[in-house]
Amino acid sequence: MPQPLSFWKLTLAIAAGIWLGCLAVAATAWLIWRDVPPALATRLVQPPVATPATLPSPRSNEEMFQQYLQRQQAVQEQQNRQIEKSAQEKRFNSAPCQFWLQQYQANPTQGNREKMDGYCG
């Protein structure tokens with residue numbers, strides 16, 4: 001029959017496990033750092049230097065800005081079309097439009113057509 005562990009023994013065992021785990025991580029990091037070649041270490045520490053070939057030219061920035069404006073204009077036009085379409089559907093589904101549409105279908109006169117066009121757009 002196993003003996004139950006006391007509170008203090010369990011606490012000390014957990015603390016020792018955490019301490020040994022931290023020591024293992026530190027030792028591993030030290031061993032890896034010791035084996036890294038110096039050239040790689042300096043490259044890891046220093047940021048890369050930007051050469052003129054990697055810097056964007058002002059012309060490309062202007063072209064990118066023009067493309068951005070074109071995309072924004074296209075998105076705005078699409079939103080305007082959606083708003084116009086929803087407004088047209090709202091007018092077409094309104095009660096007065098439906099009434100005058102039925103009136104025009106039942107009696108296709110010029111007056112009924114004008115009323116239907118006025119309410120349905």
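Phe7 comes up first: at 58% relative accessibility, this residue counts as exposed. Keep in mind that this is a predicted model. Next to Phe7 in the sequence is Trp8, also on the list of exposed residues, with a relative accessible area of 62%. How are the two rings arranged? The centres of Phe7 and Trp8 lie 5.2 Å apart and the planes meet at 75 degrees, so the pair is edge-to-face. In total, the structure holds 3 aromatic pairs.

Here is another of those pairs. Phe99 and Trp100 are edge-to-face, with 5.1 Å from centre to centre and 80 degrees between the planes. Their exposure is worth a look. Phe99 is partly exposed, at 41% relative accessibility. Trp100 is buried, because its relative accessible area is 19% and the cut-off for buried is under 20%.

Trp100 takes us to the core. Which residues make up the largest nonpolar core? There are 5 in all: Cys97, Trp100, Leu101, Met116 and Cys120. Two helices, α4 (95-106) and α5, each supply at least two residues of this core. The biggest contribution comes from α4, with 3 residues. As a general point, nonpolar side chains in soluble globular proteins tend to be buried together.

Two members of that core are also bonded to each other. A disulfide joins Cys97 to Cys120, with 1.7 Å from S to S. How many disulfides does the structure hold? Just 1. The link of Cys97 and Cys120 is right-handed, with 110 degrees about the S-S bond. It connects distant parts of the chain: Cys97 sits in helix α4, Cys120 in helix α5, and they are 23 residues apart. Buried or exposed? Cys97 is buried, at a relative accessible area of 0%. Cys120 is buried too, at 10%. For Cys22, the call is partly exposed, with a relative accessible area of 48%.

Now to α5 itself. Its buried residues include Asn112, Met116 and Cys120. Where do they lie around the helix? They cover an arc of only 50 degrees around the axis, which puts them on the same side of α5. The general background: an α-helix has 3.6 residues a turn, so residues three or four places apart point the same way. On the other side of α5, Gln110, Glu114 and Gly118 are exposed.

Take the buried side one residue at a time. Asn112 is in helix α5, which spans residues 110-120. At 11% relative accessibility, Asn112 counts as buried. What does the side chain of Asn112 reach? The backbone oxygen of Gln103, at 3.4 Å. Leaving out residues up to four places away in sequence, Asn112 touches Trp100, Gln103, Tyr104 and Asn107.

Met116 comes next. Setting aside its neighbours within four places in sequence, Met116 is in contact with Trp100, Leu101, Tyr104 and Gly121. Trp100 and Leu101 are core members along with Met116. Tyr104 is on the contact list of Asn112 and on that of Met116.

Last, the end of the helix. Which residue takes a positive phi just after α5? Gly121, at about 85 degrees. Gly121 is also one of the contacts of Met116.

To recap. Phe7 and Trp8 form an edge-to-face pair. Cys97 and Cys120 are joined by a disulfide, and both belong to the largest nonpolar core. Asn112, Met116 and Cys120 share one side of α5.

Notes:
Residues are numbered from 1 along each chain as its sequence is written. This is a predicted model: local features need pLDDT of at least 70, side-chain atom pairs count only at pLDDT 80 or more; totals for chains, interfaces and linings use all residues. Side-chain values use heavy atoms; hydrogens and water are left out. Rings of Phe, Tyr and Trp (its six-membered ring) pair if their centres lie within 6.5 Å; planes under 30 degrees apart count as stacked, over 60 as edge-to-face and the rest as tilted. Buried means under 20% relative accessible area, exposed over 50%, partly exposed in between (1.4 Å probe, protein chains only). Helices (H or I, at least four residues) and strands (E, at least two) are DSSP runs, numbered from the N terminus. A polar contact is a pair of N or O atoms within 3.5 Å; within protein, one must be able to donate a hydrogen and the other to accept it, and residues adjacent in sequence count only if both atoms are side-chain atoms. Contact means heavy atoms within 4.5 Å. A nonpolar core is a set of buried Ala, Val, Leu, Ile, Met, Phe, Trp, Tyr and Cys residues joined through side-chain atoms within 4.5 Å. The arc is that of the directions from the helix axis to the C-beta atoms. A disulfide is a pair of cysteine sulfur atoms within 2.5 Å.
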